[in-house]
Amino acid sequence: ADGEYGVAIVKAELTQLQTTGEPIFRITMRIEDGHEHIGSLVEKTTFFRNQVSVNILGSELKLLGIPTDQWKARGISLAQGFSESATALVGLGASVRKRTSPGKDGKSYHNLNITGLRQRLGDAAEPDVIGDNPFAG
């Protein structure tokens with residue numbers, strides 16, 4: 001369901017799609033409050049297809065305490081910054097907003113945006129598997 005959620009970040013990585021090799025930044029989060037799907041895992045995947053996507057991810061990381069605005073002055077490349085950020089994110093609590101929008105292809109698309117840093121409620125140990133997904137359907 002659309003709405004506000006409290007989550008714990010359990011995994012983050014700068015990686016590539018296996019099919020195309022396209023670089024992506026993936027954040028796996030466990031829902032801790034705000035919904036009947038507490039304990040479920042969800043993923044936020046950012047594709048680097050345009051500057052807007054890079055800017056949104058940079059802004060979201062900054063909300064979580066990552067000094068993305070200092071990378072250029074410190075000579076840190078985007079790849080290095082995103083890679084190093086992945087480790088720093090694990091264990092953080094975040095507020096997220098989920099909104100569903102219809103695509104031109106008739107499918108529903110789930111937009112997940114990080115809106116802030118928050119106190120964690122549970123343990124953010126890395127999951128073994130991704131279970132029930134409240135964002136499916």
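Visitor: Which way do strand 4 and strand 5 pair, and over how many bridges?
Guide: In this predicted model, strand 4 and strand 5 are paired in the antiparallel sense over 10 bridges. Within that pairing, Gly-93 stands opposite Arg-118 of strand 5.

Visitor: How many residues lie between strand 4 and strand 5 in the hairpin?
Guide: The hairpin of strand 4 and strand 5 has 5 residues between the two strands. In its turn, Gly-106 has a positive phi of about 90°.

Visitor: What holds strands together in general?
Guide: Strands of a sheet pair through backbone hydrogen bonds, in either a parallel or an antiparallel sense.

Visitor: Which strand order does the sheet have here?
Guide: The sheet is open, holds 5 strands and follows the order 3-2-1-4-5, with antiparallel pairing. Strand 3 (41-47) and strand 5 are the edge strands, and each of them pairs on one side only. On average, neighbouring strands of this sheet are turned by 40° against each other, with direction ignored.

Visitor: Where do the helices pack, then?
Guide: Helix 1 packs on the sheet, where it touches strand 2, strand 3 and strand 5. The direction of helix 1 makes about 35° with that of strand 5. Helix 2 also packs on the sheet, touching strand 1 and strand 2, and its direction makes about 130° with that of strand 1.

Visitor: What pattern does the protein follow along the sequence?
Guide: Read along the sequence, the pattern is β-β-β-α-α-β-β. The secondary structure comes to 2 helices and 5 strands.

Visitor: Back to strand 4. How many bridges join it to strand 1?
Guide: Strand 1 and strand 4 run antiparallel and are joined by 6 bridges. Val-7, for instance, stands opposite Ala-94 in strand 4.

Visitor: Is Ser-95, also in strand 4, buried or exposed?
Guide: Ser-95 counts as buried because its relative accessibility is 17%, and buried means under 20%. Leaving aside neighbours within four places in sequence, Ser-95 is in contact with Tyr-5, Asn-113, Ile-114, Thr-115, Gly-116 and Arg-118.

Visitor: And why is Thr-100 called partly exposed?
Guide: Thr-100 lies in strand 4. Its relative accessible area is 32%, so Thr-100 falls between the limits of 20% for buried and 50% for exposed. Not counting residues up to four places away in sequence, Thr-100 touches Asp-2, Ser-108, Tyr-109 and His-110.

Visitor: How many residues apart in sequence are Thr-100 and His-110?
Guide: Thr-100 and His-110 are 10 residues apart in sequence, and their C-alpha atoms are 4.5 Å apart in space.

Visitor: Does His-110 or Asn-111 come up elsewhere, say at a pocket? Which residues lie nearest the centre of the largest pocket?
Guide: Both belong to that group: Thr-45, Thr-46, Phe-47, His-110 and Asn-111 lie nearest the centre of the largest pocket, which is lined by 15 residues. Strand 3, helix 1 and strand 5 are the elements that give two or more residues to the lining. About 520 Å³ of space lies in this pocket.

Visitor: Changing topic: which residues touch the most other members of the largest nonpolar core?
Guide: They are Phe-25, Ile-27, Met-29, Leu-61 and Leu-89, in a core of 23 residues. Two or more core residues come from each of strand 1 (3-16), strand 2 (23-33), helix 1 (51-63), helix 2 (78-89), strand 4 (93-102) and strand 5 (108-118). As a general point, nonpolar side chains in soluble globular proteins tend to be buried together.

Visitor: What is Phe-25 in contact with?
Guide: Beyond its neighbours within four places in sequence, Phe-25 is in contact with several residues, including Leu-14, Phe-48, Leu-57, Leu-61, Phe-82, Ala-86 and Leu-89. Its contacts also include Glu-13, Lys-44, Thr-45 and Thr-46.

Visitor: Where is Ile-76, and is it buried or exposed?
Guide: Ile-76 is in the loop between helix 1 and helix 2. It is buried, with a relative accessible area of 14%. Apart from neighbours within four places in sequence, Ile-76 is in contact with Trp-71 and Gly-81.

Visitor: What share of the protein is buried?
Guide: Buried residues make up 36% of the 137 residues. Among contacts between residues at least 6 apart in sequence, 56% join residues at least 24 apart.

Notes. Residues are numbered from 1 along each chain as its sequence is written. This is a predicted model: local features need pLDDT of at least 70, side-chain atom pairs count only at pLDDT 80 or more; totals for chains, interfaces and linings use all residues. Side-chain values use heavy atoms; hydrogens and water are left out. A nonpolar core is a set of buried Ala, Val, Leu, Ile, Met, Phe, Trp, Tyr and Cys residues joined through side-chain atoms within 4.5 Å. Buried means under 20% relative accessible area, exposed over 50%, partly exposed in between (1.4 Å probe, protein chains only). Helices (H or I, at least four residues) and strands (E, at least two) are DSSP runs, numbered from the N terminus. Contact means heavy atoms within 4.5 Å. Two strands pair if DSSP finds at least two bridges between them. Axes are lines fitted to C-alpha atoms, for helices over the stretch in contact, and angles run from 0 to 180 degrees between N-to-C directions. On a 1 Å grid over the protein atoms alone, a cavity is a set of points where a 1.4 Å probe fits but cannot get out, and a pocket is an open set with protein on both sides within 12 Å along at least five of seven lines; lining residues have an atom within 4 Å of a point. Grid points are joined across faces, edges and corners, and a volume is the space filled by probe spheres set on the points.
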